[in-house]
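Colleague: I would like to go through this model with you one step at a time. Could you explain how each answer follows from the structure?

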Amino acid sequence: GRRVPGTFLTAQRYPLFIIGQYFLPWLINQPGAGEHVLGQIFEVNVQVLGDMDVLEQINDDGWYSRVEIMVEKAGEPNLAPVQAFVYFGAKERVSAEHLHAGPLTEFTAQHNIGYLNAN
């Protein structure tokens, strides 16, 4: 896909954790809890979106679900929010897995080191 320039912020607050032996970024669908989460947006075609759904195991119990939410371009308060898909993790995994960090405002390159080292 193509990365949309800029950094985006969830319009609502959501809790983002790092969990489990693989240091997974785990965003929970609990609007109003947690933080406004920073991230990137990518434009992808239907095939790539389907491949991402398989990777994120959206049809498997205890994994992710794909949901459309509103995001705002960080530092651009006058721009209208836009819709984007996000992968929310199953809430029950937060209490079932080892919690490394969170709630966080973003999954950083430093956090990614744990993920890469575990995989």
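Colleague: Which residues does Gly 62 touch, not counting residues up to four places away in sequence?

Modeller: This is a predicted model, and in it Gly 62 lies in the loop between H1 and S5. Leaving out residues up to four places away in sequence, the residues that Gly 62 touches are Trp 26, Ala 90, Glu 92 and Arg 93.

Colleague: Is Gly 62 buried or exposed?

Modeller: A residue counts as buried when its relative accessible area is under 20%. The relative accessible area of Gly 62 is 17%, so Gly 62 is buried.

Colleague: Arg 93 was among the residues that Gly 62 touches; is Arg 93 buried or exposed?

Modeller: Arg 93 has its place in helix H2, which covers residues 92–96. Not counting residues up to four places away in sequence, Arg 93 touches Ile 19, Leu 24, Trp 26, Gly 62 and Trp 63. Because its relative accessible area is 14%, and the limit is under 20%, Arg 93 is buried.

Colleague: Which residue in S3 stands opposite Ile 19?

Modeller: Strand S2 (16–19) and strand S3 (24–27) run antiparallel and are joined by four bridges. They form a hairpin with four residues between them, and Gly 20 in the turn has a positive phi of about 75°. Across this pairing, the residue that stands opposite Ile 19 is Leu 24.

Colleague: Which residues of S2 are buried on its two sides?

Modeller: In a regular strand the side chains alternate between the two faces of the sheet. Both faces of S2 are covered, and the buried residues are Leu 16 and Ile 18 on one side, and on the other Phe 17 and Ile 19.

Colleague: Which residue in S7 stands opposite Ile 18?

Modeller: S2 is also joined by two bridges to strand S7 (residues 99–101), and these two strands run antiparallel. In S7, the residue opposite Ile 18 is Ala 101.

Colleague: Which strand gives the most to the largest nonpolar core?

Modeller: In soluble globular proteins, nonpolar side chains tend to be buried together. The largest nonpolar core here has 14 residues, of which Leu 27, Ile 41, Ile 69, Val 71 and Phe 88 touch the most other members. Strands S1 (2–10), S2 (16–19), S5 (64–73) and S6 (82–89) each supply at least two residues of this core. With three residues, the strand that gives the most is S6.

Colleague: How many of the residues that line the largest pocket are charged?

Modeller: The largest pocket has a volume of about 1,500 Å³. Of the 39 residues that line this pocket, the closest to its centre are Gln 40, Met 52, Phe 85, Val 86 and Tyr 87. By class, the lining has 28 nonpolar residues and six polar ones, and the number of charged residues is five.

Colleague: What is the phi of Phe 23, and where is this residue placed?

Modeller: Most residues other than glycine have a negative phi, and most peptide bonds are trans. Phe 23 lies in the loop between S2 and S3, and at 27% relative accessibility Phe 23 counts as partly exposed. Although Phe 23 is a residue other than glycine, its phi is positive, near 55°.

Colleague: Which residues are joined by a cis peptide bond?

Modeller: Pro 103 lies in the loop between S7 and helix H3 (109–118). A cis peptide bond, with omega of about 0°, joins Gly 102 and Pro 103.

Definitions and conventions
Residues are numbered from 1 along each chain as its sequence is written. This is a predicted model: local features need pLDDT of at least 70, side-chain atom pairs count only at pLDDT 80 or more; totals for chains, interfaces and linings use all residues. Side-chain values use heavy atoms; hydrogens and water are left out. A nonpolar core is a set of buried Ala, Val, Leu, Ile, Met, Phe, Trp, Tyr and Cys residues joined through side-chain atoms within 4.5 Å. Buried means under 20% relative accessible area, exposed over 50%, partly exposed in between (1.4 Å probe, protein chains only). On a 1 Å grid over the protein atoms alone, a cavity is a set of points where a 1.4 Å probe fits but cannot get out, and a pocket is an open set with protein on both sides within 12 Å along at least five of seven lines; lining residues have an atom within 4 Å of a point. Grid points are joined across faces, edges and corners, and a volume is the space filled by probe spheres set on the points. Ala, Val, Leu, Ile, Met, Phe, Trp, Tyr, Cys and Pro count as nonpolar, Asp, Glu, Lys and Arg as charged, and the others, Gly among them, as polar. Contact means heavy atoms within 4.5 Å. Two strands pair if DSSP finds at least two bridges between them.
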